[in-house]
Amino acid sequence: MTQSITFTVQPGGHLRGEARVPGDKSISHRSIMLGSLAEGITHVSGFLEGEDALATLRSFQAMGVEIEGPINGNVTIHGVGLDGLTAPKDPLYLGNSGTSMRLLCGLLAGQKFDAVLTGDESLSGRPMKRVIDPLSQMGAVIESADQGRAPLTIRGQAGLHGIHYDMPIASAQVKSCLLLAGLYAEGVTSVVEPAPTRDHTERMLVGFSYPVKKEGSQVSISRQVKLTATDIDVPSDISSAAFFLVGASIAPDSDLTLKHVGVNPTRTGIIDILKLMGADIELSNQRTVGGEPVADIRVQSAQLKGIAIPENLVALAIDEFPVIFVAAACAEGETVLTGAKELRVKESDRIQVMADGLKTLGVNAKPTEDGMIIQGGVIGGGKVISHHDHRIAMAFAIAGLRANDAILIDDCANVNTSFPGFVTLASQLGLDISSEEKV
Ligand code: S3P
């Protein structure tokens with residue numbers, strides 16, 4: 001059944017109150033993967049019940065892992081150990097989820113059985129050579145459609161060996177893929193990243209009592225006997241919180257507190273960028289939960305100003321640019337983003353799709369090869385297309401807070417991949433949004 005969902009956002013409003021956004025997507029994926037490979041029972045709380053993380057969960061069930069839940073964010077995983085997965089009967093369908101596909105490639109390359117990975121139209125168009133190439137150097141055998149696209153067939157019994165890999169792009173998915181393959185490879189697998197990227201895999205492996213060596217920008221792993229089950233409390237996803245951090249900044253008279261948000265320093269580029277633009281953001285109640293820094297974040301309205309976004313913050317805010325572009329459209333002056341070519345190969349081409357939508361709303365937005373130049377000004381109304389990209393849909397919904405007419409957003413069903421309940425929560429906090437579903 002193909003569902004088509006349209007959001008309608010009426011102009012104006014402010015965001016006030018307290019909220020807890022859903023669990024972190026990256027950590028939710030990894031909790032299933034590592035919990036499945038561990039020995040013993042892993043209890044997860046705060047699990048993201050969104051389509052992407054559920055695709056990972058179903059894949060491990062299909063490989064023989066007993067997983068209970070999710071019920072209200074609680075998941076119980078009966079780990080089968082590093083060598084306990086069994087061959088799935090059918091291809092593993094990963095929907096829209098790049099993280100599932102890239103991380104599973106590494107993990108499956110080390111198994112004794114063959115597996116096929118498939119996805120939706122967006123995932124089937126995304127580049128997989130970035131993982132196929134280094135995995136092949138490790139001895140993996142992976143067959144793909146044209147130009148390294150999915151569906152992918154990963155052959156078992158490959159007999160992996162460790163490599164030293166200098167990553168040409170800053171990608172946590174590539175790094176994590178290789179570390180997971182490294183669990184099964186002879187010798188040492190080490191990865192060097194050109195810029196820091198999210199380090200949840202490294203932190204969580206340590207949480208599962210698995211040694212990981214970090215030296216500057218290099219992470220190394222060797223084959224060991226086991227991962228030991230642990231309990232995981234998934235913090236709220238800063239990438240979901242980002243919509244409200246921008247929303248409360250741009251909407252007059254806003255004062256919002258987001259509770260229990262993950263503030264791992266490899267994810268807080270959004271806070272740094274908004275603060276450089278003049279946002280009023282305060283962190284409190286900072287603590288560490290299961291190896292991940294967590295805080296409550298209070299954000300109040302502020303007049304933002306345009307900036308040149310420092311390139312060293314790009315990888316640390318990689319998923320937040322759709323909504324950062326909305327912040328830029330509301331800022332005084334010009335905002336320039338460079339060094340963000342990766343945005344062109346996300347769930348959609350986020351540079352082109354955001355530029356097109358912003359232009360429809362009357363904003364002066366100029367896409368460049370690796371970024372965007374946006375002049376702050378007035379946001380008008382109109383109909384924009386999200387190209388089935390969850391973060392584009394939510395970014396344009398937030399733009400409604402400062403628009404002078406209604407915004408209609410098509411193709412919003414995929415908001416469920418990362419932020420189930422977005423419309424309900426956004427309405428409770430003060431956005432005038434409704435959702436219409438057609439089957
Ligand atoms: C993710 C890494 C990022 C990010 C994605 C989740 C992860 O992708 O965009 O949403 O969980 O490792 P890249 O590593 O491809 O930049």
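Where does the largest pocket lie with respect to domain 1 (4–23 + 236–438) and domain 2 (25–233)? In this predicted model, both domains give residues to the lining of the largest pocket, so the pocket lies between them.

**The largest pocket**

The space in the largest pocket amounts to about 800 Å³. Its lining is made up of 30 residues, and those closest to the centre are Tyr93, Gly95, Asn96, Asp120 and Asn414. Helix 2 (51–62), strand 6 (92–93), helix 4 (121–124) and helix 13 (415–418) each contribute at least two residues to this lining, and helix 2 gives the largest share, with 6 residues. When the lining of the largest pocket is divided by class, 8 residues are nonpolar, 12 are polar and 10 are charged.

**The second largest pocket**

For the second largest pocket the volume is about 570 Å³. Here 37 residues form the lining, and Ala170, Ser171, Ala172, Ile318 and Lys346 are the ones that lie nearest the centre. At least two lining residues come from each of helix 1 (25–37), helix 3 (98–109), helix 6 (172–182) and helix 12 (390–399). Domain 1 (4–23 + 236–438) and domain 2 (25–233) are both represented in the lining of the second largest pocket, with at least three residues drawn from each. The classes in this lining are 9 nonpolar, 11 polar and 17 charged residues.

| Pocket | Nonpolar | Polar | Charged |
|---|---|---|---|
| Largest pocket | 8 residues | 12 residues | 10 residues |
| Second largest pocket | 9 residues | 11 residues | 17 residues |

**Backbone geometry**

Two cis peptide bonds that precede a proline can be described together with the strands that hold the proline. Gly69 and Pro70 are joined by a cis peptide bond with omega of about 5°, and Pro70 belongs to strand 4 (residues 66–71). The peptide bond from Ala150 to Pro151 is likewise cis, with omega near 0°, and Pro151 sits in strand 9 (residues 149–155).

Positive phi values in residues other than glycine are found at Asn72 and at Ser209. Asn72, with phi near 50°, is placed in the loop between strand 4 and strand 5 (74–80); because its relative accessibility is 74%, Asn72 counts as exposed. Ser209 has phi of about 60° and is located in the loop between helix 7 (200–207) and strand 12 (213–215). With a relative accessible area of 51%, Ser209 is also exposed, since that class begins over 50%.

Notes. Residues are numbered from 1 along each chain as its sequence is written. This is a predicted model: local features need pLDDT of at least 70, side-chain atom pairs count only at pLDDT 80 or more; totals for chains, interfaces and linings use all residues. Side-chain values use heavy atoms; hydrogens and water are left out. On a 1 Å grid over the protein atoms alone, a cavity is a set of points where a 1.4 Å probe fits but cannot get out, and a pocket is an open set with protein on both sides within 12 Å along at least five of seven lines; lining residues have an atom within 4 Å of a point. Grid points are joined across faces, edges and corners, and a volume is the space filled by probe spheres set on the points. Helices (H or I, at least four residues) and strands (E, at least two) are DSSP runs, numbered from the N terminus. Ala, Val, Leu, Ile, Met, Phe, Trp, Tyr, Cys and Pro count as nonpolar, Asp, Glu, Lys and Arg as charged, and the others, Gly among them, as polar. Domain bounds come from an automatic or database domain assignment. Buried means under 20% relative accessible area, exposed over 50%, partly exposed in between (1.4 Å probe, protein chains only).
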